[in-house]
Amino acid sequence: MNSPTPASASTASRFGVIPESAVDTAAINIGNTVRIAIGLTEQQAALIVHDQRTDLNRALTEGYRRSLPQAEFIDFDSVTPEQVLAAFDRYQAGDLVVLLQSTSFRLEAFRIRIELFKRGLKVIEHVHLARMPDTAQGLLYIDALAYDPAYYRGVGHALKACIDSAPYGVVDSGHGEKLVFGSPFESAKLNIGDYSAMQNVGGQYPLGEVFTEAQDLEAVNGRVRIYVFGDTSFRVNQPATPITLIVEKGRVIGTENSTPEFDTVLELIRAHEGEVWLRELGFGMNRAFSRERLVADIGTYERMCGIHLSLGAKHGQYAKPQFRRADTRYHIDVFAITEGVYLGEQCVYRDGAWQLAPVAGY
């Protein structure tokens, strides 16, 4: 992973590849997230479940210790699953549970985040930290935890308003390549740290995304150049030359400058679903990530400031009559070179940034 280092690194740190100064930054970012985005009050308790398998996990755990000194901390690897479940039972609706996972915690049939949400608990989930093992990626991840409510909430709601009212949209990939969404969009979903209109508080972090898809998937046509895709190991794959996707009636019917790894992804989708649908149109907002500033975990990089799309019929947020959920299997993120994004006649993205004034009141 060829990511620039966003801050200077120390050679002598208690946290391995993560410098001591970055832990200070992590504590500040975590504190703002917990206080502003999650809305944790002094009357509400917190439980931090972590492991010590990676430097990034240990650094983030220390950041939470500094931000939430009264919280209970449990090392997942030093206790039994029964003890973890018993710890969850000690907390009540409105309290916070943080899951710091170098891979992904498993408690048999217990679907951790879903079950915690059912109890009314707030949840912050960090997953697959082991996929970001070096200094540069660790620092980018910590930067990505910064929470600017005026930006995320103000611009996020402005994006939603534009998406929900747009008669069509266009993603301009440069070199004359344009992907046209020739229909209105589904009501956009928000992952911006504003849970005021949501049943559950929290989710997977870092945050920063507004997403939708075309109401009429077959109205999506054109060409789009992608510079990164999620491979079969759920990691960022960056081909030497951007790959052009050729889309007709909402399906990828061909490619230019493809790679064997990307061909494998397309073959897997076709083997199980028959054809490759293009579904999600994601408006990433996290300014810590860009085309030049990457991390290896595709689920983390998905928040990158720019446009990502999903390949495959699977999308749990939007039901479409042509798909039976039991038959859909794949949701593969791909990231578009983005010279501009248009919603109707309005240019909402150019020069690597969203071009919308924040909605007042957020």
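**Figure 1. A salt bridge joins Arg 14 and Glu 20.** The closest N and O atoms of Arg 14 and Glu 20 are 2.8 Å apart; a salt bridge is a side-chain nitrogen of Lys or Arg within 4 Å of a carboxyl oxygen of Asp or Glu. This is a predicted model, in which local features need pLDDT of at least 70 and side-chain atom pairs count only at pLDDT 80 or more, while totals for chains, interfaces and linings use all residues. Residues are numbered from 1 along each chain as its sequence is written, and side-chain values use heavy atoms, with hydrogens and water left out. Arg 14 is exposed, because its relative accessible area is 52%, whereas Glu 20, at 24%, is partly exposed. Here buried means under 20% relative accessible area, exposed means over 50%, and partly exposed lies in between (1.4 Å probe, protein chains only). The structure holds 25 salt bridges in total.

**Figure 2. Arg 66 forms salt bridges with Asp 24 and with Glu 62.** The closest N and O atoms of Arg 66 and Asp 24 are 2.5 Å apart. This pair links distant parts of the chain, since Arg 66 belongs to helix H2 (residues 55-67) and Asp 24 to helix H1 (residues 20-37), 42 residues apart. Helices (H or I, at least four residues) and strands (E, at least two) are DSSP runs, numbered from the N terminus. Arg 66 counts as partly exposed because its relative accessibility is 33%, and Asp 24 is also partly exposed, with a relative accessible area of 41%. Between Glu 62 and Arg 66, the N to O distance is 3.0 Å. Glu 62 and Arg 66 are four residues apart in helix H2 and are therefore separated by about one helical turn. Elsewhere, Glu 186, Glu 213, Arg 279 and Lys 320 are joined into one network by salt bridges that share partners.

**Figure 3. Aromatic pairs include one that is stacked and one that is tilted.** Eleven aromatic pairs are present in the structure. Among them, Tyr 147 and Tyr 152 form a stacked pair, with 5.6 Å from centre to centre and 10 degrees between the planes. Phe 283 and Trp 354 form a tilted pair, with 5.5 Å from centre to centre and 40 degrees between the planes. Phe 283 lies in strand E14 (residues 278-284) and Trp 354 in strand E19 (residues 353-354), so this pair ties together parts that are 71 residues apart in sequence. Rings of Phe, Tyr and Trp (its six-membered ring) pair if their centres lie within 6.5 Å; planes under 30 degrees apart count as stacked, over 60 as edge-to-face and the rest as tilted. Phe 283 is buried, at 0% relative accessibility, and Trp 354 is buried as well, at 9%. Both Tyr 147 and Tyr 152 are buried.

**Figure 4. Arginine side chains lie over the rings of Tyr 151 and Tyr 227.** Tyr 151 belongs to one aromatic cluster with Tyr 147 and Tyr 152. The charged end of Arg 287 sits over the ring of Tyr 151, at 3.5 Å from its centre. Arg 291 lies over the face of Tyr 227, and the distance to the ring centre is 5.4 Å. A charge sits over a ring if NZ of Lys or CZ of Arg is within 6 Å of the ring centre and within 35 degrees of the ring normal.

**Figure 5. Sixteen residues line the second largest pocket.** Nearest the centre of this pocket lie Arg 291, Cys 305, Thr 338, Tyr 349 and Gly 352. The second largest pocket encloses about 280 Å³ of space. On a 1 Å grid over the protein atoms alone, a cavity is a set of points where a 1.4 Å probe fits but cannot get out, and a pocket is an open set with protein on both sides within 12 Å along at least five of seven lines; lining residues have an atom within 4 Å of a point. The lining of the second largest pocket divides into eight nonpolar, four polar and four charged residues. Pro 206 is found in the loop between strand E8 (202-204) and strand E9 (209-212), and its C-alpha atom is separated by 22 Å from that of Thr 338.

**Figure 6. The largest cavity has a volume of about 30 Å³.** This cavity is lined by Asn 29, Ile 30, Thr 33, Tyr 64, Ile 124, His 126, Leu 145 and Tyr 205. Helix H1 gives the largest share of the lining, three residues. H1 and strand E4 (122-126) each supply at least two lining residues. By class, the lining has five nonpolar, three polar and no charged residues.

Note on methods
Grid points are joined across faces, edges and corners, and a volume is the space filled by probe spheres set on the points. Ala, Val, Leu, Ile, Met, Phe, Trp, Tyr, Cys and Pro count as nonpolar, Asp, Glu, Lys and Arg as charged, and the others, Gly among them, as polar.
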